[in-house]
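Here are my notes for you, written as a set of numbered points. Keep the structure open beside you and look up each residue as you read.

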Amino acid sequence: MPNRESLLTPRLMDALYAEAMLLADESRSYFESGRFHEEADPDDLLAVSFSCESLKVTTRLMHCIAWLLNQKALQSGELSEGEAWNHYRSLGQAPVTDRALVNRFPAEARQIVMASEELFERLERLAARMDQEIEAESAVQDMFRRLQSSF
């Protein structure tokens, strides 16, 4: 089983961080541009849904960026293992997207929403694997401690 450091190498972390920052910039640009209202059907429910989705995308991306920054701090020694794996520093939960409404959005808006979900889901899987590694290491370390104390 690979260790945590091999799951999230500095190179991978930098690539994920760059992706998250680029997506955050693209989404901010799109959300502020007003293009949605020019391209979408003039429907009040759709406009409200778009506003809600823009907040969900922002929340998702900020969770991603914060988690990646915590991982960078851990790897650089700015955070201890205990501080980094505190549940307050976890990836957290992302708000659920209403697919039926998002499917009515213009293509660029749909792409941004889906890209933010996909990035978050990848980080969720990575965080889960890293958590498994921590649990596995803890069990092995506990076994070694018990063996050493018995001799």
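1. Start with alanine 66, which lies in helix H4. Is alanine 66 buried, exposed or partly exposed? Its relative accessibility is 38%, so alanine 66 counts as partly exposed. Now find tyrosine 17: alanine 66 and tyrosine 17 are 49 residues apart in sequence, yet their C-alpha atoms are 9.5 Å apart in space. Please remember throughout that this is a predicted model.

2. Stay with tyrosine 17 for a moment. Lysine 72 lies over the face of the tyrosine 17 ring, at 4.3 Å from the ring centre.

3. Next, try aspartate 14, which is found in helix H2. With 42% relative accessibility, aspartate 14 counts as partly exposed, because that value falls between the cut-offs of 20% for buried and 50% for exposed. Aspartate 14 and leucine 68 are separated by 54 residues in sequence, while 8.7 Å separates them in space, C-alpha to C-alpha.

4. How confident is the prediction? The protein chain has an average pLDDT of 85, and 81% of the residues score at least 70. Confidence is highest in helix H2 (residues 10–33), with a mean of 96, and lowest in helix H1 (residues 4–7), with a mean of 70. A word of care here: where pLDDT is low, predicted coordinates should not be read in detail.

5. Now step back to the whole chain. The protein chain has seven helices and zero strands, and along the sequence the pattern reads α-α-α-α-α-α-α. Of its 151 residues, 34% count as buried. If you take the contacts with a separation of 6 or more, 80% of them are between residues 24 or more positions apart.

6. Here is a check you can repeat yourself. What span should the 24 residues of H2 have? At 1.5 Å a residue the answer is 34 Å, and the end C-alpha atoms of H2 are 34 Å apart, so the two agree. Do the same for helix H4 (residues 44–76): its 33 residues should span 48 Å, and its end C-alpha atoms are indeed 48 Å apart.

7. Look at what comes after these two helices. H2 is followed by glycine 34, with a positive phi near 85 degrees. Glycine 77 follows H4, and its phi is also positive, near 90 degrees.

8. Which residues of H2 are buried? They are Met13, Leu16, Ala20, Leu23, Ala24, Ser27, Tyr30 and Phe31. To see a reason for the spacing in such a list, recall that an α-helix has 3.6 residues a turn, so residues three or four places apart point the same way.

9. The largest nonpolar core is worth colouring in your viewer. This core has 33 residues, and those with the most contacts inside it are Phe36, Trp67, Leu123 and Leu126. At least two residues each come from H2, H4, helix H6 (99–102) and helix H7 (107–150). H7 gives the largest share, 10 residues. Leucine 123 makes a good example: leaving aside residues up to four places away in sequence, leucine 123 touches Leu16, Cys64, Trp67, Leu68 and Leu91.

10. The aromatic rings deserve a look of their own. The structure holds six aromatic pairs. In one of them, tyrosine 30 and phenylalanine 31 have ring centres 6.3 Å apart and planes at 70 degrees, so the pair is edge-to-face. Both of these residues are buried. Phenylalanine 31 also pairs edge-to-face with phenylalanine 50, at 5.5 Å centre to centre and 70 degrees between the planes. This second pair links distant parts of the chain, since phenylalanine 31 is in helix H2 and phenylalanine 50 is in helix H4, 19 residues apart. Phenylalanine 50 has 6% relative accessibility and therefore counts as buried. Tyr30, Phe31, Phe36, Phe50 and Phe105 form one aromatic cluster.

11. Finish with glutamate 81, whose place is in helix H5 (residues 81–84). At 34% relative accessibility, glutamate 81 counts as partly exposed. Glutamate 81 and glutamine 71 are 10 residues apart in sequence and 10.0 Å apart in space, C-alpha to C-alpha.

Notes
Residues are numbered from 1 along each chain as its sequence is written. This is a predicted model: local features need pLDDT of at least 70, side-chain atom pairs count only at pLDDT 80 or more; totals for chains, interfaces and linings use all residues. Side-chain values use heavy atoms; hydrogens and water are left out. pLDDT is the predictor's confidence in each residue, from 0 to 100. Helices (H or I, at least four residues) and strands (E, at least two) are DSSP runs, numbered from the N terminus. The expected span of a helix is 1.5 Å times one less than its number of residues. Buried means under 20% relative accessible area, exposed over 50%, partly exposed in between (1.4 Å probe, protein chains only). A nonpolar core is a set of buried Ala, Val, Leu, Ile, Met, Phe, Trp, Tyr and Cys residues joined through side-chain atoms within 4.5 Å. Contact means heavy atoms within 4.5 Å. Rings of Phe, Tyr and Trp (its six-membered ring) pair if their centres lie within 6.5 Å; planes under 30 degrees apart count as stacked, over 60 as edge-to-face and the rest as tilted. A charge sits over a ring if NZ of Lys or CZ of Arg is within 6 Å of the ring centre and within 35 degrees of the ring normal.
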